[in-house]
Amino acid sequence: MSEISLADLPLRPELVGEEPYGAPQLDVPVALNVNENPYPPSAAVAEAMGRAVTELATTINRYPDREAQALREDLAAYLNNRHGTALTGAQVWPANGSNEVMTQLLQTFGGPGRTLLTFTPTYSMYPEYARNTHTTLVTAPRADDFTLSVEAAVAAVEEHQPDVVLITSPNNPTGTSTPAEVVAAVCAAAPGIVVVDEAYQEFAGQPRESCVRLLSEQPKLVVTRTLSKAFALAGGRLGYLAAAAAVVDACRIIRLPYHLSATSQAVARVALIHAEEMLARVDDLRHERDALVAWLSQQGLQVADSDANFVLFGRFSDRHQVWQGLLDRGVLIRETGPAGWLRVSAGTPEEMAAFRDAMLETQPVWQPLLEDS
């Protein structure tokens, strides 16, 4: 068979010249680039997950529950217990990571002739979600400190009249939280739905102050969450949304048949049963994050205040040179966000010590690259 390249394929025009999304997956001693929880489930929880998978293996020849009813009830119970809400399983919808949740929302409420508004800098996948669903993406800037005010957010909504507004809180890659009053004001002004991406909410300084608590009074609001981060279930690929039951029904129209495997459902349900244990290390990671913010500031670097499990710092005239210097010492972080900034995930004390050592060793490299505030 003769070989062909991407250039030889009849790609959609907007895909020509594009590269697949993804952070580098390198074999390094210290990986702090994709905001994973560095603490795996305990042996007891891992054993419970194994038992659950073994039990369902006897019926793996059958399709899974395409509505994921039991899992949805468990997710609703988790949110209710954590935030004092009264959600039902009918108001929760899970999928293969919050990535698929977002894609389903844009397949449902976006599309050709429709507009998505988000506030930059923010998660680098959002433009790809929009591109892949033929949704027009428009953006408005955050303030210099990466916050989002009522006035700025509402002005952007009034200007663009978007079908979907997407606010990330805590924001990736900056770690900045958006107050609930901003979200409520956007809901009042928006002609379409408002999505708040809370992938990192459990790491926030006030983790119980989720926008989930606004759902009963904001019918156009959708809150998306994940088990990948705080729950240390990145390999399980389980994200979900909470919203009005009608929003869930709308997503059910476009979801692929049996989109969520029996294995994913079973493992996620075990994680939720053991939620207290799965979240036990969140306080440790908050501590490491706050210590990291303080240490980086002491080195004369600009640091964004963070409510997530990562820290954005800079600014450098050549951030790649700094990134490479750390990688040469076995520490992998992320080149993402505004020009000149780098992002590092909160890790174990040993990983944080390795990062600090690598930063000090490379200081002769990055010190001359620092830009003025």
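**View 1. Helix α1 packs against helix α8.** In this close-up, helix α1 (residues 43–57) and α8 meet at an angle of about 145°, and their axes lie 9 Å apart. Axes here are lines fitted to C-alpha atoms, for helices over the stretch in contact, and angles run from 0 to 180 degrees between N-to-C directions. Helices (H or I, at least four residues) and strands (E, at least two) are DSSP runs, numbered from the N terminus. The crossing of α1 past α8 is right-handed; a crossing is right-handed if the near helix is turned clockwise from the far one by less than a right angle, and left-handed if anticlockwise. From α1, the contact uses V45, A48, M49, A52, V53 and L56, and from α8 it uses A262, T263, A266, V267, V270 and A271. Contact means heavy atoms within 4.5 Å. By class, 11 of these residues are nonpolar, one is polar and none is charged. Ala, Val, Leu, Ile, Met, Phe, Trp, Tyr, Cys and Pro count as nonpolar, Asp, Glu, Lys and Arg as charged, and the others, Gly among them, as polar.

A quick word on the model and its numbering: this is a predicted model, in which local features need pLDDT of at least 70, side-chain atom pairs count only at pLDDT 80 or more, and totals for chains, interfaces and linings use all residues. Residues are numbered from 1 along each chain as its sequence is written, and side-chain values use heavy atoms, with hydrogens and water left out.

**View 2. Helix α8 also meets helix α2.** Here the axes of α2 (residues 69–83) and α8 (residues 262–273) come within 10 Å and cross at roughly 25°. The two helices are therefore roughly parallel to each other; angles under 35 degrees count as roughly parallel, over 145 as roughly antiparallel, 65 to 115 as roughly perpendicular and the rest as oblique. This crossing is left-handed. Look for A70, L71, D74, L75 and Y78 on α2, and for Q265, A268, R269 and L272 on α8. Six of the contact residues are nonpolar, one is polar and two are charged.

**View 3. Helices α5 and α6 run side by side.** The axes of α5 (residues 150–160) and α6 (residues 180–189) come within 9 Å and cross at roughly 20°, so the pair is roughly parallel. Their crossing is right-handed. V150, A153, V154 and V157 of α5 touch E181, V182, A185, V186 and A189 of α6. This contact has eight nonpolar residues, no polar ones and one charged.

**View 4. Two cis peptide bonds come before prolines P170 and P173.** One cis bond joins S169 and P170, with omega about -5°. The other joins N172 and P173, with omega about 20°. P170 sits in the loop between β5 (164–168) and α6, and P173 is also in the loop between β5 and α6.

**View 5. H134 has a positive phi.** Phi of this residue, which is not a glycine, is near 60°. You will find H134 in the loop between α4 (126–132) and β4 (136–141).

**View 6. Domain 1 meets domain 2.** The domain assignment gives domain 1 (24–41 + 281–362) and domain 2 (43–278); such bounds come from an automatic or database domain assignment. Their C-alpha centres lie 25 Å apart. The contact takes 23 residues from domain 1 and 25 from domain 2. About 1800 Å² is buried between them, with carbon and sulfur atoms giving 58%. Buried area is the accessible area (1.4 Å probe) that two parts lose on being put together, summed over both. On the domain 1 side, P41, R286 and D307 lose the most area to domain 2, together 32% of what that side buries.
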